[in-house]
Each structure stands twice: as structure tokens, then as C-alpha cells.
Amino acid sequence: MATPSSQGAPGSPRHAAAEADVDAVVVGAGFAGLYMLHRLRAMGLRVRVFEKGDGVGGTWYWNRYPGARCDTDSVEYSYQFSDALQQEWRWTERFATQPEILRYLEHVADRFDLRRDIAFGTTVTEAAFDDAAGCWRIVTDDGARLSATYCVMATGCLSAVNRPAFDGLDRFAGAWYHTGAWPHEEVSFAGQHVGVVGTGSSAIQAIPLIAAEARHLTVFQRQANYTVPARNAPLDEAEYAAIRESYGELRRQASETPTGCWWAVNPAAAEEMSAEERERELEDRWQVGGLRMYGVFKDVLVNGEANDIAASFIRDKIRAQVRDPEVAALLSPRSYVGCKRICLDTDYYATFNRPNVTLVDISEAPIEEITPTGLRSGGRDYALDAIVFATGYDAMTGPLFRIDIRGRGGRPLQATWADGPRTYLGLAVEGFPNLFTITGPTSPSVLTNMVPAIEQHVEWIAGCIAHARGTGRPCIEASRAAEDSWMAHHEEVAGGTLFPSCNSWYVGANVDGKPRRVMPYTGGFPDYVETCDAVAANGYEGFTLSAA
Ligand code: N01
């Protein structure tokens, strides 16, 4: 088992519980875990990171499906904690591919000498708070044990794969894949009849590439999704030099937008604009591409009428691209735009004009079973050589529930959250002292640019741990009253948006039996950061400190 590889800087405060093997355990070595390790190590803490994958990267380690790339501009989907790092790294395209993002994270791991404190290929199975010792007892899948004063879950929001339990999959004679756990080896669909189940972001990226390779592609769609052109392109030198020069200012501007991205949200509500102005704004955002459609009107996510204007603009675009009107109608979502994650695509709708692509509507006729030769839906058999499940994730809570997390008195997190997640600031949970979640449920996380959201959490957690250790009462726990008050605010803000209206993973609707709750914080990044900063400035208001 992992032994701590550093003993803390000379003169640094000693860890809380004398018998804890390390000061902190971090679970996960993606964007969040890597920076958390770097930050805690810089404070002189002895840290151990456990990572299920055989390498760093988290999401970007596992998602190797055809066409996988980020839909936040690469120059801002990157760390800003080190200006030297952001100046030296050169992204090649507007939207980076999965291999390029993975190379970046490998570079970060090497540059900051992070690997020596990471146990790869190791899954944390249990994390239990030991009341008597005041530390976390961690168990890994190899049966090894380690104790730690602090435990940080850097497990990601979209890392627990959701593969519905389709009957018959074990008898399928062909190959099957999930986009979120794609093999490392090259997968070829040449000459094959391929089925893709799902039409979310992952499927929308993969479908045009699979269609170009396969003999025939059948897409099984339950709900249609809105997708906007990515308009990916190489980043030229002059453009890149300008970004490098103004990186600091661009990052500052981004921190003031609700999404933490540096594209602007229109300050006008839809009704404050003329029909021509609205059309121009929609067309501009469509032409520039990317996720800026989220900011087309300031009220697009809170006002159904404003939303309908944006939704009908996109439906017109779908009809203009898809030749068969029946297929175009099927591809046109009926829900509000943005209350399910808007997708970005390259040639998605045009793919349905290809003679080798069929769209099958399974909204009324769910998949009955996987047969040895394909898939049966609506009483009809589809012959397939390979199936790609692009069925998404048990989002936000799933990654935490796949670990048996127990707080004070052995209380399981899963039972504590039986009616939906409850946290203080998406960072801490009452009854689970010294446990932190990076971009946890009820934090803005997935509604923002993830990397700045992660950096803000890491820095806040590091500050909180430094504070607790500095007081000589290193055990810090969210109070019930603070959690109640945060949850009341979270729910009130969410209730004023259109998010509850859609069957999306944001509300847990994609996983059978999951309680329906808006999980990400919908109040925007700047307000959230302001709240976190105020809590810290007020001596970590809402937390209680104790010796153990
Ligand atoms: O997953 P999804 P995803 N039978 O949940 C369908 C991020 N991301 O992996 O809509 C049949 O969006 C399901 O149908 P429905 C991004 O935040 C980012 O695509 O629930 N179908 C849906 O169509 C994104 O939102 C990037 O009715 C079933 C699909 O499977 C998030 O990850 C790239 C089914 C799942 O779509 C998740 O995206 C990729 C069933 N039983 C992902 N169960 C970029 O940065 C589910 N479906 C570009």
C-alpha cells in the first residue's frame, strides 16, 4: 500500500490525529485531484492521491471515443494558477481533442512532479470517519488501508458511467462500448452495422465520425437535443500571441460571467429587443459557434417565452439542414433549450442526410432487449455488429456513491442523501467532518467552465484546511443550520429557472430511481464565489471547529 512520500515541510503544523498516516487523501487525479495535490503539498501536507485509471486525466483519461473533444475553448479550459504554465502551453485548436487535453494534464503532472504521490490503478472503495481518532479511514480495492486527517473527493461530476441494465447484453455476439469507458486500442467500425444508443453530447460528437466509417449506422434516440455548430478551427500564431498577452485580463473578465467563460451574456432580456435585434443576436451566436447560445438573452434560462424564441430559431436551423422533413421533425427537441446541456457539433444534422444513416425514435418504444444479433425496440429487430452506448453518467452523486462513504457514527452518505444531495456550498456535508467535495452537488460546477470552478474549490479548500490547522482545532464540519440555509437558497434559485422542467441528468432524470432534484447551483459563478469568499472572510462561518 501507498506510503506517504513526503513528511511535510519543516516547521509546518503537525497533522491532526497523531496516528493518521497522511494529512490528506485525495480521490481522483483529473483536473481537480492534480491541482489539489499540488496545492496541499505546497502547504507542507503529506498527501496521497488514489486514481482508478492507470494514468492522470480523469474524464479525459476515460473518454477516448471517436470525436471526443472539449466544448469549452481550449485556451480557457486550462489552469490559470500558474501563469508560466499557461504561457508555455500551446493549444493547437479552438476546441481541444481528448488526446491533446490528456497530453496537457500529463505535462502538468510532470511539470509539478505530481506523480510520485499518486497511486494509479487503485480504486477507493471505502472512506469512513473514525470518530474516536478524528481521522478518515480509507480502504482501496487491493484491500489496503490508510488513515488521513482530511479527505478530498476529486471524483468528478461525470465519471460514474450510466449503462442502463438492458436485458440480453451478455448474449450479444458483437462488440459493445460505452463512450465514457472507451478502449485504449483503436476501434474500427469499417464495414459494420453499428448502433448508437443516445443522442447527448458524446453521441453528437461521435455519430458523424462513426457514420463516415461504418457500413450503416442506426441511431436510437429517446429525446432529441439542441446542438449548435462548434466551428472548431486551428488557432493561428497571431491569435494565440494576442491571447497570451491578455491572458490575465481575459481570465478576469471570465470570472465575472455567470458561466465563468469569457464570452459575454447579452445584458438584454428578449422582450427588451426588437425582433430584428433578437434574430441578429441569435444568428451571430450561431455563426461564431460554441456554447455562447447560453447567453443569447439574459433571461433565456429563466423565462419560457424568451427561451421559445431561441428554441424555435434552432429548430429552423435543423429543418434547413436535414433534407427529410420527418427526420428533421424527430431531431427537433420539444423541451426548452439549455435546460438539458446544449451540445456542440461538427456536421451532426448533415449526417442524417447520408444514405447509410437511420434515425430510430425510441421515445415511445424503449429498447426491449439486446439480442445476440442486435437490438429489439418497438417489436422490431435491428441487426448490429457493434453497439455504442452513449448513455451518459450517473452525474454528480454517482461518483460519490460508488465509494462507501460514512460520516460520524458510521452514517452512510448515500442514505443521508436518499432524498437528494444536501451540502453546504457544494463543498462540505454536515456529519462528515474534514470531507470536501470538489465541484460537488449544489456547486456551480457543470453550469460553468469546469477548470476555473475546480481551481476556485481547490483554493477554497486549501484555505479552509490551513485555517483549521492554524487554530489548533483541525476538525472542521459544516453545521446543520448552514447546510439548511444553503440548500434553501439553492432550491429557491433553481426554482426560478427552467432547469426543473426537463428530463436531464442535471435533475437525475436519466437514472432510474434517482431522486429528482436540480443538482448544480444555478445562481451563477460570481455570486457563488462571493458567498464562498464571505464565508472564509467571516472565519469559515457555518463551520464548527474541534480538536478531533
Ligand atoms: O450523456 P447524456 P453524454 N435508453 O446524458 C440516452 C458532458 N460532455 O455522455 O435524453 C435509451 O447527455 C439519453 O436519452 P434522454 C456534457 O456536460 C461534454 O452525451 O435521457 N436512451 C441521452 O440521449 C454532457 O451533457 C462533452 O432521453 C438512453 C443519452 O443517452 C455530459 O457530459 C462531451 C437511455 C445520454 O446523454 C453527458 O453527455 C461529452 C436508455 N435507457 C460529454 N439512457 C464536451 O465537452 C440514456 N439514454 C464536448
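R285 sits in helix α8, which spans residues 275-288. In this predicted model, R285 counts as buried, at 8% relative accessibility. Its C-alpha atom is 7.2 Å from that of V296, a residue 11 positions away along the chain. Beyond that helix, here's a quick tour of the ligand site, the cysteines and a couple of backbone oddities.

**Ligand shell**

- There are 24 residues around the ligand, and the ones that come nearest are T199, S202, Q205, Q223 and K340.
- Sorted by class, the shell splits into 10 nonpolar, nine polar and five charged residues.
- Helix α5 (residues 201-213) supplies the largest share of that shell, with three residues.
- Two domains chip in: domain 1 (13-160 + 395-474 + 523-546) and domain 2 (169-389) each give at least three residues to the shell.

**Polar contacts to the ligand**

- S202, already listed among the residues that come nearest, has a side-chain N or O atom 2.6 Å from a ligand oxygen.
- R222 does something along those lines, with an N or O atom of its side chain 2.8 Å from an oxygen atom of the ligand.
- D71 joins in too, placing a polar side-chain atom 3.0 Å from a ligand oxygen.
- On its own the ligand has 900 Å² of accessible area, and the protein covers 90% of it.

**A look at D71**

- You'll find D71 in the loop between α2 (59-62) and α3 (83-88).
- Buried or exposed? D71 is buried, because its relative accessible area is 10% and the cut-off for buried is under 20%.
- Apart from the ligand oxygen at 3.0 Å, the D71 side chain has a protein partner: it makes a polar contact with the side chain of R341, at 2.6 Å.

**Cysteines**

- How many disulfides does a search of the whole structure find? It turns up one.
- That bond joins C339 to C502, with an S to S distance of 1.7 Å.
- C339 is in the loop between α10 (325-331) and β11 (343-345), while C502 is in the loop between α15 (480-495) and α16 (525-537), so the pair ties together parts that are 163 residues apart in sequence.
- Both ends are tucked away: C339 is buried with a relative accessible area of 1%, and C502 counts as buried at 2%.
- Why is C464 not bonded to C532? The closest cysteine sulfur to that of C464 is in C532, and at 11 Å it's too far for a bond; a disulfide needs the sulfur atoms within 2.5 Å.
- Looking from the other side, the sulfur of C532 has C464 as its closest cysteine partner, again 11 Å away and too far for a bond.
- C464 counts as buried, at 0% relative accessibility, and C532 is buried as well, with a relative accessible area of 0%.

**Positive phi angles**

- D113 isn't a glycine, yet its phi is positive, at about 50°.
- D113 belongs to the loop between α4 (98-111) and β3 (118-119), and it counts as partly exposed at 41% relative accessibility.
- R231 also has a positive phi, near 55°, and it's a residue other than glycine.
- The spot for R231 is the loop between β10 (227-229) and α6 (237-245), where R231 is partly exposed, with a relative accessible area of 34%.

Key: Residues numbered from 1 in each chain as written. Predicted model: local features only at pLDDT ≥ 70, side-chain atom pairs only at ≥ 80, totals over all residues. Heavy atoms only, no water. Near = heavy atom within 4 Å. Polar contact = N/O pair within 3.5 Å; in protein donor to acceptor, adjacent residues only side chain to side chain. Areas by Shrake-Rupley, 256 points an atom, 1.4 Å probe, with all protein chains shown as cover. Helix = DSSP H or I, 4+ residues; strand = E, 2+ residues; numbered from the N terminus. Nonpolar A, V, L, I, M, F, W, Y, C, P; charged D, E, K, R; others polar. Domains from an automatic or database assignment. Buried < 20%, exposed > 50% of the residue type's maximum accessible area, 1.4 Å probe, protein only.
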